[in-house]
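Biologist: Could you take one part of this model and give me a close look at it, then place it in its surroundings?

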Amino acid sequence: MIVAIQGTDDFNDYNVLIRAMGVALSGMKPEDRYFYIYSAGPSKVNSFVSEFCNLSERGMKARGKKIKFHKVPASWIEENIHEFNYFAFLSTANSSKKSKLVAIAELNNIEVGIFKY
């Protein structure tokens, strides 16, 4: 399974990211051998995703699955959107910012999760 993630500059709730990753993991098929996360930032989101991957690595390995994290620019996700199975967008409840990537993912029939707190 390949997941893209992006957040707003003011996003700072690790628990919301955990919930987003739980939703993404629930969509994993039994035959999937890997869970790759491509994060388009900002840096706080990248740090959260890195921590999640580090903490999840042992449990995933015990189940015969790999988890990897890659930091990429938003343009890279846009160019490769057809490769993704899920897109998570993280935001605060007050934020009115919308991600261009959300619209692109929806146009390409990629499952999108928008997580606000």
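**Around Thr 92**

Modeller: Start with a side-chain pair: Thr 92 and Asp 10 make a polar contact at 3.0 Å. Here a polar contact is a pair of N or O atoms within 3.5 Å; within protein, one must be able to donate a hydrogen and the other to accept it, and residues adjacent in sequence count only if both atoms are side-chain atoms. The model is predicted: local features need pLDDT of at least 70, side-chain atom pairs need 80 or more, and totals for chains, interfaces and linings use all residues. Numbering runs from 1 along each chain as its sequence is written, and side-chain values use heavy atoms, without hydrogens or water.

Thr 92 sits in the loop between strand S4 (86–91) and helix H4. Helices (H or I, at least four residues) and strands (E, at least two) are DSSP runs numbered from the N terminus. The relative accessible area of Thr 92 is 11%, so Thr 92 is buried (buried is under 20%, exposed over 50%, partly exposed in between, with a 1.4 Å probe and protein chains only). Beyond four places in sequence, Thr 92 is in contact (heavy atoms within 4.5 Å) with Thr 8, Asp 10, Phe 11, Lys 116 and Tyr 117. Take Lys 116 from that list. Lys 116 is 24 residues from Thr 92 along the chain, yet their C-alpha atoms are separated by 5.0 Å.

Asp 10 leads on to Thr 8. The side chains of Asp 10 and Thr 8 make a polar contact too, at 2.6 Å. Asp 10 therefore pairs with a buried residue here as well, since Thr 8 has 5% relative accessibility. Thr 8 belongs to the loop between strand S1 (2–7) and helix H1. Leaving aside neighbours within four places, Thr 8 contacts Pro 42, Phe 89, Leu 90, Ser 91, Thr 92, Ser 95 and Lys 97.

Two names on that list deserve a stop. One is Pro 42. Pro 42 lies in the loop between strand S2 (34–39) and helix H2. A cis peptide bond joins Gly 41 to Pro 42, with omega about 5 degrees. Most peptide bonds are trans. The other is Phe 89, a residue of strand S4. Phe 89 is buried, at 5% relative accessibility. Not counting residues up to four places away, Phe 89 touches Gln 6, Gly 7, Thr 8, Lys 97, Ser 99, Val 102, Gly 113, Ile 114 and Phe 115. Ile 77 is another matter: Phe 89 and Ile 77 are 12 residues apart in sequence and 13 Å apart in space, C-alpha to C-alpha.

Now the helices. H1 (residues 14–26) packs with H2 (residues 43–62) at about 50 degrees, with axes 11 Å apart. Axes are lines fitted to C-alpha atoms over the stretch in contact, and angles run from 0 to 180 degrees between N-to-C directions. That makes H1 oblique to H2 (under 35 degrees is roughly parallel, over 145 roughly antiparallel, 65 to 115 roughly perpendicular, the rest oblique). From H1, the contact uses Tyr 14, Leu 17, Ile 18, Met 21 and Leu 25. From H2, it uses Phe 48, Val 49, Glu 51, Phe 52, Leu 55 and Met 60.

H2 also holds Cys 53. Cys 53 is touched by Lys 68, as are Phe 35, Tyr 36 and Ile 37, not counting residues up to four places away. Lys 68 is in strand S3 (residues 66–71). At 40% relative accessibility, Lys 68 is partly exposed. Lys 68 and Tyr 36 are 32 residues apart in sequence, but 4.9 Å apart C-alpha to C-alpha.

Two loop residues finish the tour. Gly 27 is in the loop between H1 and S2. Gly 27 is partly exposed, with a relative accessible area of 40%. Its C-alpha atom is 15 Å from that of Glu 83, 56 residues away along the chain. Asn 109 is in the loop between H4 (100–107) and strand S5 (111–116). Asn 109 is exposed, at 72%. Its phi is near 55 degrees, a positive value in a residue other than glycine. Most residues other than glycine have a negative phi.
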